[in-house]
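Work through these short exercises with the structure open beside you. Try each task before reading its solution.

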Amino acid sequence: MSLALAGGFSDPATGAARAFRAALNAMSRPGRIETVEDISAPDGLSPAAATVLLTLCDGGTSVYLAGASDCDAVRKWLAFHTGAPLSHAGQAAFAVGQWTDLLPLNRFPLGTPEYPDRSATLIVEMPRIEATGAVLRGPGIEKTASLGLPDAAAFRDNAARFPLGLDFFFAAGHSLAALPRTTRVD
């Protein structure tokens with residue numbers, strides 16, 4: 001059986017619940033690094049990125065694949081496990097790829113004043129995730145947190161657009177972190 005059919009959570013009910021909790025914890029506590037387990041990901045996706053896609057995407061969630069993530073194995077895996085349709089960047093609810101492959105960020109939906117929730121969430125594939133670097137402040141952070149970001153200025157600009165803007169997950173191997181648009185980056 002191919003990974004497109006065999007991949008995913010080894011125990012779907014428990015795996016999905018744990019994955020949702022990890023994604024929720026990461027997004028609600030910016031700078032917190034979560035560990036995800038119990039998933040088989042195709043070439044082109046880290047286990048953490050695959051976890052976010054399996055947990056948050058379905059047949060009504062458009063996905064843009066960039067760079068190494070835009071390959072046959074990922075397309076088949078995503079279609080089988082989530083049914084999520086592929087789209088171009090301007091219509092994506094989710095996008096996944098390395099930072100340089102996702103640039104420029106202004107091609108993704110930022111929401112509208114009436115519907116700020118109609119923005120994209122980007123899953124950035126990283127070589128590693130570290131709790132050092134940019135200083136984070138805002139909702140979900142008691143005083144400050146730190147997170148190694150690929151371009152702190154881009155995240156400062158994104159936060160300045162609030163309530164519009166993009167939300168981000170960072171994925172490296174089995175590590176997952178997030179940065180919602182509400183987070184100020186120093």
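**Exercise 1.** Decide how covered strand β5 is.

*Solution.* This is a predicted model. Locate β5 at residues 94-98. Next, apply the cut-off: a residue is buried if its relative accessible area is under 20%. Of the 5 residues in β5, 4 are buried. The strand is mostly covered.

**Exercise 2.** Find which strands pair with β5, and in which direction they run.

*Solution.* Start with β4, residues 63-65. It is joined to β5 by 3 bridges, and the two run parallel. Now take β6, residues 121-125. Here 5 bridges make the link to β5, again in parallel. Then pick out A95 in β5: Y64 stands opposite it. In β6, L122 also stands opposite A95.

**Exercise 3.** Give the handedness of the unit made by β4, α4 and β5.

*Solution.* Follow the chain from β4 through helix α4, residues 72-81, to β5. This β-α-β unit is left-handed.

**Exercise 4.** Check the length of helix α2, then work out where its buried residues lie.

*Solution.* Helix α2 covers residues 12-28, which is 17 residues. At 1.5 Å a residue, the expected span is 24 Å. The end C-alpha atoms are 24 Å apart, so the two values agree.

Now list the buried residues of α2: G15, A19, A22, A23, N25 and A26. They cover an arc of only 165° around the axis, so they lie on the same side of α2.

Last, ask what covers these buried residues. The cover includes β1 (8-9), β2 (34-35), α3 (47-56), β9 (167-172) and β10 (175-179).

Definitions and conventions. Residues are numbered from 1 along each chain as its sequence is written. This is a predicted model: local features need pLDDT of at least 70, side-chain atom pairs count only at pLDDT 80 or more; totals for chains, interfaces and linings use all residues. Side-chain values use heavy atoms; hydrogens and water are left out. Buried means under 20% relative accessible area, exposed over 50%, partly exposed in between (1.4 Å probe, protein chains only). Two strands pair if DSSP finds at least two bridges between them. A crossover is right-handed if, with the strands pointing away from the viewer, the path from the first strand over the helix to the second runs clockwise. The expected span of a helix is 1.5 Å times one less than its number of residues. The arc is that of the directions from the helix axis to the C-beta atoms. Contact means heavy atoms within 4.5 Å.
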